Amino acid sequence: MTLAFKRPLAFLFLSLILSACSTQNTSSRLVVEPPSESQIKSSVKDQVSMMLNAFTPVAGQALPNNTVLSTYAQRGYRPIWIKDKHIDPSIYKLVTILEKAKSHGLNPIYYHVGIIKHYLALKSPTPQQLAEMDVITTIALSSYAHDISNGRYEPQLIDPNWQLDAPSRDWKDLLSLSSAGEMVDSLPLLAPRSSQYQILQKWLVYYQQLAKKEKDIIVKPGSALSIGDEGPRVSQLRARLVQLGDIRFSTRKVDEDRFDKKLREALMSFQHRHHLTADGAAGAQTISMLNVPLKKRAEEIAFNLERWRWLPNKLEANRIWVDLTNYSVDVYLNGARTTMKAVVGKPDRMTPVFKGMMTYMVANPSWRIPQRIAREHLLPKLQADPNYLGKHGFRVFSSWSIGAKELDPTRINWRSIAPEDLAFRFEQIPDEGNALGEFKFMFPNKNEIYLHDTPAKYLFKRTNRDFSSGCIRLEKAEEFAKTITNGSPQAKVLAKYIKNKQTKIITLPTYIPVYIVYFTVVANANGMPEFRDDIYHRDELMERAMGYKAFQVNEPL
């Protein structure tokens, strides 16, 4: 075992032992000899150096402890947690907050709670021990403030296709407040302000507490259960739906083992919020979903709370929200919201998560086929049928340069071209068969992702709509175009080119931020947790990064 690995293990071992130390509220204790400036300065350097050397980033683990150095320097190395020769009582409030870090899906062990409590339990701390306590507490505050506002992990180190990370500096501003009390009181304000985050956090606590005090009620697999059925499996189904919150506790007497209308309604509610066919019958798929352990559900919620922390703390009122796991696009504009179905990228062509700014749209666009699609999909079709381009309205050009010569596709020996050597530019002319339909909506980005119309309207009838090569297809593209230009001069231009079918680039009257997001748990309209299919298996990546579990004290190092 390397020294770099031994250090964090030894430190964590110490943390676990110290976490067992009890502490009493000794806020009135007089500090006979508070730490001097030199002791604080020495402790800052020693403590921060130890922490940074002991804990190397794992899966993007954020360690903002360098900020502690500048914080103390700006204060002239005065203590933060000792005031007027007393330990500031806000330190105990901070310890309580850190102990409840699990309610945000964060592990309290990251914030050195046991060590802080150990120092607080000392009956006659020396000035050096007080200095150490002051610095380690500030490190804990700094780390927690960062993690609760920006997320603990670097998203792209977990998932390269997750490119939406909007770090805030608010957590650093907190450290510049004049008193420890103000710092601690400001901590809750750093968490995401979205109602989605707040509701999910409450459900996380519910699942955590429920898993701790109750065993999972399992519905025994068997034949499908439906209205009119009776027996112990119906009783299990009812009890599980009560446990999960789909049936609220009632004093009304019911036949526990009889499948009645109320049970059917509760089951349909469960099916709706798990993206199952809501037929009111407990078949194999529904029972399998019912039997997912409470602990597993809590972990899934924790993953999604971290994803919310990667977004801006406050979202723009006007925005376009592409919800990949819901296969939908919502437009929030001028206080109104419109929504429509969408088709998103296939699992092997995942639509990345990122933020862009929609600046223009194209009416009746031609389609320049991306090179990857041309090499992987178009070339095999050309090799099988040299007339494919003409049949589907494609033109071919000698290169991607401006002014490239248009070529006759029938005079090219497609079978002799290897995919890696394909350098032609292919364009599909605007017509009814154009893959982009009548509109495309541009928010320039390195991924070459955009929203667009499609002639394949039948796909919107599917429940799961992951069929594209990465771009997002809109169910109602014309309605979308009219919404984002409504009341502007551009609306008249749009109407003209919709009618005459000519290609036209239209700059939007107002640029609109576009969020492409991915959540596997959301709060539905009734405030219940909605668990969605993890279509891109991103939860597995989150589990690897966030699945750290503290080892038991009796385990060997």
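How much surface does the protein chain expose, and what share of it do carbon and sulfur atoms supply? About 27,200 Å² is exposed, and carbon and sulfur supply 52% of that. One caution before I go on: this is a predicted model.

Now the overall make-up. The protein chain has 557 residues, and 50% of them are buried. It holds 19 helices and 17 strands. Look at the contacts with a separation of 6 or more. Residues 24 or more positions apart account for 71% of those.

Next, the interior. The largest nonpolar core has 150 residues. Seven of its residues touch the most other members: Val329, Met358, Trp414, Phe426, Phe441, Leu451 and Phe480. Which helix gives the most to this core? That is helix H6, residues 127-150, with 11 residues.

Take Phe480 on its own. Leave out residues up to four places away in sequence. Phe480 then touches Ile320, Val329, Val331 and Met340. It also touches Met358, Phe441, Leu451 and Leu474. Val329, Met358, Phe441 and Leu451 come up in both lists: they are contacts of Phe480, and they are among the core residues that touch the most other members.

Last, one sheet. Four strands form it, and the sheet is open. The order runs S7-S10-S8-S9, with antiparallel pairing. Which strands sit at the edges? Strand S7, at 367-368, and strand S9, at 406-407; each pairs on one side only. Strand S8 covers residues 394-397 and pairs with S9 over two bridges, in the antiparallel sense. For a residue to find on screen, go to Phe397: its bridge partner in S9 is Glu406.

Methods:
Residues numbered from 1 in each chain as written. Predicted model: local features only at pLDDT ≥ 70, side-chain atom pairs only at ≥ 80, totals over all residues. Heavy atoms only, no water. Pairing = 2+ DSSP bridges. Buried < 20%, exposed > 50% of the residue type's maximum accessible area, 1.4 Å probe, protein only. Contact = heavy atoms within 4.5 Å. Areas by Shrake-Rupley, 256 points an atom, 1.4 Å probe, with all protein chains shown as cover. Core = buried A, V, L, I, M, F, W, Y, C linked by side-chain atoms within 4.5 Å.
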